[in-house]
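Reader: I have not seen this structure before. Please take me through it with a few questions and answers.

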Amino acid sequence: MIKKINRKNMLISISIVFLIFLFIFSCIPLYSFADNSEDVNQEQNQPSGIQKDNLIVQAYNREDQLISLENPTEYSGGEAYTINWADIKEFSIYYNPDESNPPPIKYEQGKEELPENIVYTMSLSISYLQGYPDEGNFNVSDTITLENVYTITQKGENSYKNLVTNKYRLNIDTGERGIDETTQQAVTVKEWGIYRFTIDINGAETTSDFFVISPDLLISEQPKINYTIVSSENSMHDSFNFYLDNAELYKYIDKSALTWYVKGEGKDGTKYALTSSDVGKGNFTDCTNSIYESIERNGTTFYFNDNEIAGKWQVWCEYESHGTERPIQSNLIIEVETGAIVDGMTIVWILVGAVILSIIVVLTIAIIRKKKEKVW
């Protein structure tokens, strides 16, 4: 009898515990599990980058992490994604296979049309414009196109699916060098500007959206300039290397927005500007001549040579970013002097002195030798 009661009590206890567990689980909102599962699935299915048809473009920051590309704007008949040059390290471009839309089949040249002789050749081209979206469309004469910067071939039936593992990476700072399809000139596409990528697989092309790499426009400090004296390449006059002490702040600017200027007076009283385009303008209204017709003078460094015109010179730079109306002038205007005049007679006496010294040295050596011969 006691055993029967114990069994009965045990069954009742188990039933109570079971009912308690059912009650606890019934209180937990089941929809929360479904939501989490759905988020995970969406994250797995979503491509890490901007996809257009079978072409995916990813952007990596300078810590090698993916940049989230959002909020595209309309540009040149398409969509454009903007990224700060200071933030991006490189692009990664690759093909994403789609069984419902495979590329055209081609067979290895000279081989039978068998599945094992199918080849898929993928090539990638870059179109580039160093400009701003508000300046006009992409299809202008200044656009650079580098074709076949990356080519890969896969062989075999459905081998196009293997192309997904072949990613091309474009470092923004070092860029890609090649021959421009339009001008047939050697060029390098890099740094800020507007990029567009095209992949071709057996003649089927896919073109990406636009990617705008934006230079820094607002700098917190004015340019702080300094210089070193260096030997001249074409005369006895000193030359000068000018640079920015705060160049790190100007590392990711449009270099053409930072311009160097020189103004001065030659030893004969003529007033000069650096280039002919400066003469008569702004600070150069009193200048009648230029040191150079034109010269490279943009960027964070500047080499100044007086072109054999001795004089006193003022050197400074100005930064005027895209969309601004007033340039920011450097913290200093540095004054340097080149080609100090040496009196003609002084030069003559120096030469005469050098000749006399040479004669004395020769005679001294000769006398010493004769004395040595007599001793022997």
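Reader: How many disulfides does the structure hold?
Author: This is a predicted model, and the answer is computed from its atoms. A disulfide is a covalent bond between the sulfur atoms of two cysteines. To count here, a pair of cysteine sulfur atoms must lie within 2.5 Å. The number of disulfides in the structure is zero.

Reader: Is Cys317 buried or exposed?
Author: A residue is called buried when its relative accessible area is under 20%. Cys287, with 5%, falls under that limit and is buried. For Cys317 the relative accessible area is 0%, so Cys317 is buried.

Reader: How many salt bridges does the structure hold?
Author: The count rests on a distance: a side-chain nitrogen of Lys or Arg has to be within 4 Å of a carboxyl oxygen of Asp or Glu. One of the pairs that pass is Lys161 with Glu99, whose closest N and O atoms are 2.8 Å apart. The total for the structure is twelve.

Reader: How many residues apart in sequence are the parts tied together by Lys161 and Glu99?
Author: The two residues of this salt bridge sit in separate loops. Lys161 is in the loop between β8 (144-155) and β9 (168-171), and Glu99 is in the loop between β5 (88-95) and β6 (106-107). Lys161 is partly exposed at 31% relative accessibility, whereas Glu99 is exposed at 61%. The pair therefore ties together parts whose separation in sequence is 62 residues.

Reader: Which residues are linked with Lys111 in a network of salt bridges?
Author: Lys111 and Glu108 meet through their side chains in a salt bridge, with 3.6 Å from N to O. Both are partly exposed: Lys111 has a relative accessible area of 41%, and Glu108 has 26%. The residues linked with Lys111 in the network are Glu108 and Lys155.

Reader: Where in the chain is Lys263, the partner of Asp286?
Author: Asp286 and Lys263 form a salt bridge, their closest N and O atoms being 3.2 Å apart. The pair links distant parts of the chain, 23 residues apart, with Asp286 in the loop between β18 (271-275) and β19 (289-292). Asp286 is partly exposed at 33% relative accessibility. Lys263 is in strand β17 (residues 258-266).

Reader: Why is strand β7 described as largely enclosed by the rest of the structure?
Author: Strand β7 covers residues 118-129. The test is again a relative accessible area under 20% for a buried residue. β7 is largely enclosed because the number of its twelve residues that are buried is eleven.

Reader: How many bridges pair β7 with β8?
Author: β7 has several antiparallel partners. Two bridges join it to β6, where Lys106 has Val119 in β7 as its bridge partner. Eight bridges pair β7 with strand β12 (residues 193-201), and there Met122 is matched with Ile201. With β8, where Thr145 is the bridge partner of Ser127, the number of bridges is nine.

Reader: Which are the edge strands of the open sheet that contains β16?
Author: Three strands form this sheet in the order β15-β16-β20, with antiparallel pairing. An edge strand pairs on one side only, and this holds for two of them: β15 (225-231) and β20 (301-304).

Reader: Which residue in β20 stands opposite Tyr243?
Author: Strands of a sheet pair through backbone hydrogen bonds, either parallel or antiparallel. Strand β16 (residues 238-244) pairs with β20 in the antiparallel sense over four bridges. Opposite Tyr243, in β20, stands Thr301.

Reader: What is the phi of Asn148?
Author: Most residues other than glycine have a negative phi. Glu308, in the loop between β20 and β21 (311-319), has a positive phi near 65°. Asn148 lies in strand β8 and is partly exposed at 48% relative accessibility. The phi of Asn148 is also positive, near 55°.

Reader: What is the area of the nonpolar surface patch made by Val352, Ile356 and Ile360?
Author: Residues of such a patch need over 30% relative accessible area. Ile356, in helix α3 (residues 344-375), is partly exposed with 45%. Together with Val352 and Ile360, Ile356 makes a patch of about 240 Å².

How values were computed: Residues are numbered from 1 along each chain as its sequence is written. This is a predicted model: local features need pLDDT of at least 70, side-chain atom pairs count only at pLDDT 80 or more; totals for chains, interfaces and linings use all residues. Side-chain values use heavy atoms; hydrogens and water are left out. Patches are made of residues with over 30% relative accessible area and no salt bridge: like charges are joined within 9 Å, nonpolar side chains (Val, Leu, Ile, Met, Phe, Trp, Tyr) within 5 Å. Accessible areas come from the Shrake-Rupley method with a 1.4 Å probe; for residues, only the protein chains shown count as cover. Buried means under 20% relative accessible area, exposed over 50%, partly exposed in between (1.4 Å probe, protein chains only). Two strands pair if DSSP finds at least two bridges between them.
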